[in-house]
Amino acid sequence: MNSRILDYPRHVLQHADLTANLKPRPDAADKLAAQAGYLTDRYAAGMLHAKVLRSPHAHADIVSIDTSAAAALPGVRAVVTAKDVPGRNAYGLRAIDQPAICGDRVRVIGDPVAAVAADTPAIADAALALIKVEYAPLAVIDDPQAALAPGAIAIHPDGNLLHQMHYQHGEMRPAWARCAHIVEQVYETGRQMHCFIETEGGIVEPETRPDGSIGLAIYVGSQHPQNDQKATADILGMPLDRIRITASPVGGSFGGKEELTVQPIAALLALKTGRPVRLHYTRPESVAIGIKRHPFRMRLKTGCDAQGKLIALEAELLADTGAYATHGPEVLDTAHEHVQGAYNFDAVKVDSYLAYTNNGIAGAFRGFGAIQVHFAIEQQIDRLARAAGIDPLQFRRINVSRRDDLGPFRQPMAPIDALEHSLAVLERHPRWTGAGSLPQDPSGRYRRGTGISLIRRSDGFSRSGPVDGCIKLALAADGMIELTTGFIEMGQGLIGAIQALLARQFGCAESDTRAVVGRSDMPDPGPTVASRATNLLWRALAEGSGPWRAQLLQQAARCIGVAPDKLTLGPQGIRRKDNGVLLLTYKKLAGALAPLALPVRDIEVLEHDEASWIPAAHYVFCGASSLAQVRVDTWTGAVQVEHLLLIPALGPVISAQGMLGQIEGGAVMALGLALLENLPSPNGQFAARNFDGYFIPSLADAPRIEVIAIEDLVPGDKVGPRGAGEISVSTTLAAIANAVSDALGCDVARVPLLPADVLALLETP
């Protein structure tokens, strides 16, 4: 199908444009040859193997632990319990509530109670079997609503309500009185696993420092090595400078390795034995104790007038954070802000709650908080459009938030008209012919449907302030233009993005550049999360690289006797500005100089008035629309997504390959949440321990995906490219749910929508 949009006035990159000149990722060859250097593949001389004894109970007090038999087993070099933690035996991102090793109580199946280091994995396993732990089981809370009920047993000392948010603008009663159409529904989203190929793991190696003290070199999958360094030092009671963390490359994360995993226990064992220690979770361990997506229960009530103008929204959100806080409060904050979707309401009331339970641990996961509420609000929008008798795309056009509108909390936002233009591109696309317009199967077995979605998504953090020294630029001794940063390569394509950014900024070739990433001794830009890395690096180079460029040209001018204003950076080296002739290669220039390095400092991430700042409110947003076409088998209940059209409006495309990888990968991940992936936790016990009981999308499930990118945002935009890592998850899930609703002629209130659920909907009058 020819989808070229000839009459669209904005700078739009069609799918064919994006794929025309793709080249291999810079790390592709090493990965294909198994030479990528993943950190859990590292081995050191004399290395010991660690294993962790984990609680079989979801909730219990620890009465006693006897490790004497395990310690006496030949080949066992160390056994540790909570008593061996020299510093603070707790960590966490927002609440310091998770023990490195549990000493008095376990709150989730898989909580660590002891660990051993031994000569071989088999000996370590045998030692675990010899450790005797006496538990006193406690009542298990496996429902967040029950957790908040009066009289519920407290999972943590301060109770089971971890976090709550409340927001209102406008008067609700008169707003409801003005509504001609009102719809109300309770929505639920399931628990999803990250499913990275490389499970949580790492190596800790003791090292003697120049002053004779013992330090630790930690090689671990992580999204923020500097934060891990601080948290690990706190647990070990060690000075910060005695811990060195290498955290890249990572074999997949999606938010699941943003906080401590193996670091504390492996470090304790390495300190106790004085030898390198390797700790790598098995898949069942990763399933039991690894971070999951928050399940949400959401009640939404929305209303519009007879012309389709949105008037009122009431929402109650309840999320299950599991046993420990991790990023739960930020997840709830994000959901609380995004439940209004891409639209404007005259009156809004939102009440949001986050509960502790004994259901595993929920935390950061690609698109956190936003994806759940976007699914719900986009279903509501389609229902209101049907009630008002208005085409769903036109209904969105009536209500879309526009360029200079205020944000969801009535906060000022960076101007952006991405929503309007993404919707306009969708309207022009040949695949949009209206809901209910697809040709149907004459036999009646298959039903086909089309669904659309429109998503406004925050970008980066709600409040970051300046990023001090987030990168360092250098002309290395071998002549490479080198950018060093603490951001992490975790499969998202950071290395390629950095090389493309450097080439764009300096006019050099990508082959002239090198990215050095992912250690705790590098400039700290904050965590590699929230789709913020590319944007911050773009800002840093655009706003702060001028002095380094000027110094480089001055040094080159001294070497060749040409005035600096006559020179420019280009492919392979320094060139004449007027005719592009190569005068001096970067390698020869580096040989004539001491290495030229310069931190790039003070990049202002947000532009807000400190006095008017609203907690949890974002300043930067991006937008996208999507269209999904599905086929439902009414005999089996199976849903096949046949086609996905994704139209992100994210600003300049720095790396087409990186952007496509993020958008397409996020779309397939959303397909999993929509149709396949869920991990129930009855009585605190996960229903699956491996991929034989938890199914994720394969290539056979992936539909044809078409991406159309809108590059130009508002004139004079100062923010730069928005992140591509998360928005396609939200927009795809919502579009698939709306497409299934169109095919079945009924509402979809819960995902994943498994075949049995589809058959139940078909049988419902």
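These are my notebook entries on a helix pair, two cis peptide bonds, two positive phi values and one aspartate.

**Ground rules.** I am working with a predicted model, in which local features need pLDDT of at least 70, side-chain atom pairs count only at pLDDT 80 or more, and totals for chains, interfaces and linings use all residues. Residues are numbered from 1 along each chain as its sequence is written, and side-chain values use heavy atoms, with hydrogens and water left out.

**Entry 1: a helix pair.** I looked up α14 (residues 494–506) and α15 (residues 533–544), which pack at about 25° with axes 10 Å apart. Axes here are lines fitted to C-alpha atoms, for helices over the stretch in contact, and angles run from 0 to 180 degrees between N-to-C directions. Helices are DSSP runs (H or I, at least four residues), as are strands (E, at least two), numbered from the N terminus. The angle makes α14 roughly parallel to α15 (under 35 degrees counts as roughly parallel, over 145 as roughly antiparallel, 65 to 115 as roughly perpendicular and the rest as oblique).

Which residues meet? From α14 I noted L494, A497, I498, L501, L502, Q505 and F506, and from α15 A533, T534, L537, W538, L541 and A542; contact means heavy atoms within 4.5 Å. I sorted the residues of this contact into 11 nonpolar, two polar and no charged. Nonpolar covers Ala, Val, Leu, Ile, Met, Phe, Trp, Tyr, Cys and Pro; charged covers Asp, Glu, Lys and Arg; the others, Gly among them, are polar.

**Entry 2: backbone oddities.** I kept in mind that most residues other than glycine have a negative phi, and most peptide bonds are trans. S248 and P249 are joined by a cis peptide bond with omega about 5°, and P249 sits in the loop between β12 (243–246) and α8 (263–273). In that loop between β12 and α8 I also found F254, whose phi is positive, near 60°. Is F254 buried or exposed? At 31% relative accessibility, F254 is partly exposed (buried is under 20% relative accessible area, exposed over 50%, partly exposed in between, with a 1.4 Å probe and protein chains only).

N683 has a positive phi too, near 55°. I placed N683 in the loop between α18 (656–675) and β31 (704–707), and at 52% N683 is exposed.

**Entry 3: around P752.** The V751 to P752 peptide bond is cis, with omega near 5°, and P752 lies in the loop between β33 (750–751) and α20 (755–763). D757, in helix α20, is buried at 17% relative accessibility.
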